[in-house]
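Visitor: I have a few questions before I go back to the bench. Can you walk me through this one?

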Amino acid sequence: MNRSDFPMLQNDLIYFDNGATTLKPQTVIDEMVDYYSNYSANAHRGDYDVSLKVDKMYENVRDKVQKLINCAKREEVVFTKGATESLNMIVFGYMKYILKENDEVLITKAEHASNVLPWLQLAKEIGIKIKYIPLDEQHELTLSSLQKSITDKTKVISLAHITNVVGDVRPLEEIGKICKAKKILFVVDGAQSVAHIPIDVQKYNVAFLAFSAHKMLGPTGVGVLYGRYDLLNIMHPLQYGGGMNNLFEIDGTVEYKNIPTRLEAGTPPIAEVIGLGKAIDYLLDIGIDNIHKYEVQLKEYAINKLEQIPNIKIYNKHSQSGIIAFNIDGVFSQDTAVYLNHYHICVRAGNHCAKILKDEFKINNTCRISFYLYNTKAEIDTLVKVLEQSENIFKIVL
Amino acid sequence: MDPITRRELMLEHYQNPVHKGLLNDKEYIKVNTHNESCIDNLEIAVKIEDGIIKDIRFDGEACAISTSATSIMIETLLGKSIDKVKEIVQNYENMINEENYDEEILGQLNVYNETYLQPNRKKCALLPFDALKQILKQIEKEK
Ligand SMILES: Cc1ncc(COP(=O)(O)O)c(C=O)c1O
């Protein structure tokens, strides 16, 4: 990994908002430009050379995703618009037809809106019950709390592998075992995790997994839905049209293609899928395990320094990822973000799409720092220096 | 206005805003406003009698600019007629949006005359005024 691989880092910028989206290496950008410049045809359509090349490049990425998450079959990988669309497909294309009134779905108050709102909507439509597994005093999920929340009616457990505000890593292997024993479907939101910590969907007994390319060095507009073959095979498409049917007659006779193509109606985001493939190459080259170790190191380094600053409150010192949620005493989080922006430090202020977390933190907003593999200790030193001088904050923001 | 006075006035109104906390009184017309691009969330309640602003109160959590603008707005508008308030609001919006405005009529609100230099903060400075406009619209409808 070289910082020079990332054109954005050539700007005078300290980018600590990787939870929102990550920067893109030149190889990913070049790969997409190459598609647009040299073989810009549609997928699954043509009988000419460049079109065949599109198919080959596009389908190749399925194999790369398979390797990344270790699923059993390449057909279990569906390209979507992103984690949000993947989660909506799981809820409205599968769960809606399987779950019955009063069946229970377990989530937590730390989940992202995209793993809450689809469930709440389905509850309105078919009367399932959404239950929140209580979190411990560090706002983290424990296995005992999870176990206590399971009842005879629990049919689904849907959790982020890593949460986007607290950054705690959920013990997927143990949860997967519990789900297997109790015949519960285990849905994993991998938006914050797939590029940060290894996942093995077979070993962890994951039924469905959702994630976005843009949070893993790839382009916007594309993501992945993984589903275990037997489940995915009976998922209802949410979109019908070109590309996903073998034949149709005007009288309504239709024959759909097999998965995954059946679930990818319309022209897909071809350049983006191919770009995602390059991003996966980049990540696997470094090793996801190494990325995780490095992020945890950065976080420890930052926490040690930030703890020395008296007027800073950190909400998640212990979680084992690259995410830090904090506030400066008496300063609204957005003002802190504007202050840091003055020094070209990018952090995010707000509720981070996990609105219900306010019930847990008893605060509405935090500043979030989220590290990634190109961040450095020197950048953290700069952040610390700026935060140490935060008595000047209103000279900057007002 | 020199930058130090300007900042001190805003800071004073951010840290010790006037009329914070809503009253449980049905005579107030209330709206909730939040800024689309950020996370400010304020509730503003206005009591009007005989076409005069008798009281304005607010509650909620917001950034230094939104909160101080709310507080200074309240001080400026108390006791004014609705017509006068509309005139002030219009001139204030013009100031924030870099159009012609009457400095005299704005009084202390002139502290925001350089907010346009930080375009992403304009919305914060306009937030309480957007809420107020909603309330004035409601009143007109009820007439
Ligand atoms: C935990 C989590 N889940 C889901 C999402 C949604 O991802 P996207 O907006 O790319 O669909 C995010 C994005 O912030 C996230 O952090």
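The questions below turn to the ligand site and then to the domains.

Visitor: Which residues of the shell around the ligand are counted as nonpolar, polar and charged, and how many of each?
Guide: Keep in mind that this is a predicted model. The residues around the ligand include A:Ala83, A:Ala191, A:Asp189 and A:Lys215. Ala counts as nonpolar, while Asp and Lys count as charged. The shell divides into two nonpolar, two charged and seven polar residues.

Visitor: What distance separates a polar side-chain atom of A:Ser212 from an oxygen atom of the ligand?
Guide: A polar contact needs N or O atoms within 3.5 Å. For A:Ser212, the polar atom is in the side chain, and its distance to a ligand oxygen is 2.6 Å.
An N or O atom in the side chain of A:His214 also faces a ligand oxygen, at 2.7 Å.
With A:Ala83 the atom is a backbone N or O, and the distance to a ligand oxygen is 3.5 Å. So the value for A:Ser212, within the 3.5 Å cut-off, is 2.6 Å.Visitor: How much of the ligand's accessible area does the protein cover?
Guide: On its own, the ligand has 400 Å² of accessible area. The part covered by the protein is 84%.

Visitor: Where are the bounds of domain 2 of chain A?
Guide: Chain A is divided into two domains, and domain 1 takes 3–24 + 287–397. The C-alpha centres of the domains lie 28 Å apart. Domain 2 spans 26–285.

Visitor: What area is buried between domain 1 and domain 2 of chain A?
Guide: In contact are 38 residues of domain 1 and 38 residues of domain 2. Carbon and sulfur atoms give 58% of the buried area. That area is about 3,000 Å².

Visitor: How many salt bridges are there between domain 1 and domain 2 of chain A?
Guide: The interface has 18 residue pairs in polar contact. The salt-bridge count between these domains is zero.

How values were computed. Residues numbered from 1 in each chain as written. Chains lettered and ligands numbered in written order. Predicted model: local features only at pLDDT ≥ 70, side-chain atom pairs only at ≥ 80, totals over all residues. Heavy atoms only, no water. Near = heavy atom within 4 Å. Polar contact = N/O pair within 3.5 Å; in protein donor to acceptor, adjacent residues only side chain to side chain. Areas by Shrake-Rupley, 256 points an atom, 1.4 Å probe, with all protein chains shown as cover. Domains from an automatic or database assignment. Contact = heavy atoms within 4.5 Å. Buried area = accessible area lost by both parts, 1.4 Å probe. Salt bridge = Lys/Arg side-chain N within 4 Å of Asp/Glu carboxyl O.
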